[in-house]
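Visitor: I'm new to this structure and would like a close look at a single part. Could you walk me through the last helix and what it packs against?

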Amino acid sequence: MNALIELEATKLTTLFSHGDVLGIRMFMEHMNIPLDVQDRLYDEISALKHLDQNQVSQVIETFGQSLLSERLGY
């Protein structure tokens, strides 16, 4: 696990523990996470029984990529 993911996980863990939904969304936007991934990360982190930095790091690594193609056909 790299230092950037650990930093992001620490910040998200803090925001989730305070229940700061707006702060969570703004931080994910600052991380340049696509909206579909933000929703998935939010749902997965919210579903964790014990919120800790290691579990949040694993969620970021697992669900941190968009499933949508960057080149959508019109």
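Guide: Here is a look at helix H4, its partners, and then a few spots elsewhere in the chain.

Before anything else, keep in mind that this is a predicted model. The chain has a mean pLDDT of 86, and 85% of its residues reach 70 or more. H4 covers residues 53-63, and among the elements of the chain it has the lowest mean pLDDT, at 90. At the other end of that ranking sits helix H2 (residues 21-30), with the highest value, 95. As a general caution, where pLDDT is low, the predicted coordinates should not be read in detail.

Now for the setting. The chain holds 4 helices and 0 strands, so to speak an α-α-α-α pattern when you read along the sequence. Of its 74 residues, 30% count as buried.

Let's start with H4 and helix H3, which spans residues 35-46. These two pack at an angle of about 145 degrees, and their axes are 10 Å apart. The crossing of H3 past H4 is right-handed. If you want to find the contact on screen, pick out Val37, Arg40, Leu41, Glu44 and Ile45 on the H3 side. Facing them from H4 are Val56, Val59, Ile60 and Phe63. Sorted by class, the residues of this H3 and H4 contact come out as 7 nonpolar, 2 charged and no polar.

H4 also packs against helix H1, which runs over residues 3-18. Here the angle is about 115 degrees, with the axes 8 Å apart. H1, too, passes H4 in a right-handed crossing. H1 brings Ile5, Glu6, Glu8, Ala9, Thr10, Leu12 and Thr13 to the contact, while H4 brings Gln53, Val56, Ser57, Ile60 and Glu61. The class count for H1 with H4 is 5 nonpolar, 4 polar and 3 charged residues. Look for Val56 and Ile60 in both places: they meet H3, and they take part in the contact with H1.

Stay with H1 for a moment and move along to Thr14, which is found in that helix. Thr14 counts as partly exposed because its relative accessibility is 36%, between the 20% and 50% cut-offs. Thr14 and Leu51 are 37 residues apart in sequence, yet their C-alpha atoms are 9.3 Å apart in space. Pairings across long stretches of sequence turn up in the chain's contacts as well: among those between residues at least 6 apart in sequence, 52% join residues at least 24 apart.

Glu8, one of the H1 residues that touch H4, leads us to another spot. Glu8 and Met31 are 23 residues apart in sequence and 8.2 Å apart in space, C-alpha to C-alpha. Met31 lies in the loop between H2 and H3. Met31 counts as buried because its relative accessibility is 17%, and the cut-off for buried is under 20%.

Asn32 is found in that loop between H2 and H3 too. With a relative accessible area of 68%, Asn32 is exposed, since that calls for over 50%. Its backbone deserves a glance: Asn32 has a positive phi of about 60 degrees although it is not a glycine. In general, most residues other than glycine have a negative phi.

To finish, zoom back out to the outside of the chain. Its accessible surface comes to about 5,300 Å², and 54% of that belongs to carbon and sulfur atoms.

Definitions and conventions. Residues numbered from 1 in each chain as written. Predicted model: local features only at pLDDT ≥ 70, side-chain atom pairs only at ≥ 80, totals over all residues. Heavy atoms only, no water. pLDDT = per-residue confidence, 0-100. Buried < 20%, exposed > 50% of the residue type's maximum accessible area, 1.4 Å probe, protein only. Axes fitted to C-alpha atoms, helices over the stretch in contact; angles between N-to-C directions. Left-handed = near helix turned anticlockwise from the far one by under 90°. Contact = heavy atoms within 4.5 Å. Nonpolar A, V, L, I, M, F, W, Y, C, P; charged D, E, K, R; others polar. Areas by Shrake-Rupley, 256 points an atom, 1.4 Å probe, with all protein chains shown as cover.
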